[in-house]
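Here is a friendly walk through one protein chain, for reading alongside the model. Keep the viewer open and follow along as the headings change topic.

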Amino acid sequence: MEYFGVDDPNDEPSQNAFRLDDHHNRSYYVRTVLADLIDICVIPHVSEINYDVPQFKCILCLKVYKTKTGLQRHTLTKHSLETAATAQQTTSQVAEGSPSDAIFNYAHCSLGMCMVAMNFVDARRLGDVKRLIRMYKYFLLHFKASGKQKYSYQVLRLLAKVHCFLSPRLAYDLVWNRFVNKTGRVDGNIEVDREVEHQNRVFKAQCKSLHGKITAKCVKRVSQFAQELDECLKQIDTEAGLRQQYGKHTRPDISEDVNALAKEMNRVNLFEYTPGRHMSSSRSFPSSTLGSLNIADLYRWMKTT
């Protein structure tokens, strides 16, 4: 709202409005505005990743150690502390300059992760596997920064298969044989695993007609005609004009809630940096979700996994 100079989301913009002489067409105008808004509200204005090697320093005697284990051993032997959490700090945790704005940082990080999630969902619907592979590389950094070891391993395993372990033919199959489109729409792609689950649902529904008398012969017979029978039933419903009920959730009208939320965000200047602001539940929040990522540990983990 501040970007367009309005007090209400339904008002006409008083600044950064569309002008045919400057923007030539509305498509160019939309791309320009979105680029400005993403730069202001999403892209952090500090380095997302700290490439400096962290130093673990004892706050009692200021002795520096290269590893956290060394600092813990030092605090136990020299200062008789049961934990090193009270006597350690890394170079990335030292506050520099003025106090940070936790609310501003939280808003940036939340909106940034929302854009990442929407990008991932859009890539899945369009079946854009190249974009998915690029996003998996980005997810690997986030999983490591948040301590999700199993997710990190599975993503690294997938990337290693695509770029290293598999032959070009098998790597191509692994990348591209991931989606199926049964609707014909551009954004109608779904994962193969989900389609298999849909087929399993049809198979289980047909097995109910056995009334508990399930044998290997009966299961084999049902598995051979379940999908064809389901397609025939759907075709009969289509010719008879019967509308199939899909299990989709209804979407309520949230325009009033969005307008109220936008007004409240504009009132508190959510995307205006104000040093010293903090939330009631936390007095600090990192300026980037990748701020806790240790590049040296990441490299060591990727090399030894």
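The report below goes from the whole chain to one helix, a surface patch and some salt bridges.

## The chain as a whole

Please keep in mind that this is a predicted model. The chain holds eleven helices and five strands. Of its 305 residues, 25% count as buried.

Among contacts with a separation of 6 or more, 55% are between residues 24 or more positions apart. The accessible surface of the chain is about 22,400 Å², and carbon and sulfur atoms account for 55% of that surface.

## Helix 9 and its kink

Helix 9 runs over residues 216-240, which makes 25 residues. From first to last C-alpha it reaches 36 Å, close to the 36 Å expected at 1.5 Å a residue. Helix 9 also has a kink of about 40 degrees, and phenylalanine 225 is at its centre.

If you would like to see which side chains of helix 9 are covered, look for Cys218, Val222, Ala226 and Asp230, its buried residues. They pack against helix 8 (192-207). Just after helix 9 comes glycine 241, with a positive phi near 80 degrees.

## A nonpolar patch on the surface

Turn next to Val30, Leu34, Ile38, Ile43, Met115 and Met118, which together make a nonpolar surface patch of about 510 Å². Helix 2 (26-41) and helix 4 (102-126) are the elements that give two or more residues to the patch. Helix 2 gives the most, with three residues.

Isoleucine 43 sits in the loop between helix 2 and strand 1 (56-58). With a relative accessible area of 40%, isoleucine 43 is partly exposed.

## Salt bridges

The count of salt bridges comes to ten. In one of them, aspartate 187 pairs with arginine 185, and their closest N and O atoms are 3.6 Å apart. Both partners are partly exposed: the relative accessible area is 39% for aspartate 187 and 46% for arginine 185.

Elsewhere, shared partners join Asp122, Asp128 and Arg131 into one network of salt bridges. Arginine 131 meets aspartate 122 at 3.0 Å, N to O, and it meets aspartate 128 at 3.3 Å, N to O. What sets the burial class of each member? Arginine 131 counts as buried because its relative accessible area is 14%, under the 20% cut-off. Aspartate 122, at 34%, is partly exposed, and aspartate 128, at 28%, is partly exposed too.

Conventions
Residues are numbered from 1 along each chain as its sequence is written. This is a predicted model: local features need pLDDT of at least 70, side-chain atom pairs count only at pLDDT 80 or more; totals for chains, interfaces and linings use all residues. Side-chain values use heavy atoms; hydrogens and water are left out. Helices (H or I, at least four residues) and strands (E, at least two) are DSSP runs, numbered from the N terminus. The expected span of a helix is 1.5 Å times one less than its number of residues. The bend at a residue is the angle between axes fitted to the seven residues ending there and the seven starting there. Buried means under 20% relative accessible area, exposed over 50%, partly exposed in between (1.4 Å probe, protein chains only). Contact means heavy atoms within 4.5 Å. Patches are made of residues with over 30% relative accessible area and no salt bridge: like charges are joined within 9 Å, nonpolar side chains (Val, Leu, Ile, Met, Phe, Trp, Tyr) within 5 Å. Accessible areas come from the Shrake-Rupley method with a 1.4 Å probe; for residues, only the protein chains shown count as cover. A salt bridge is a side-chain nitrogen of Lys or Arg within 4 Å of a carboxyl oxygen of Asp or Glu.
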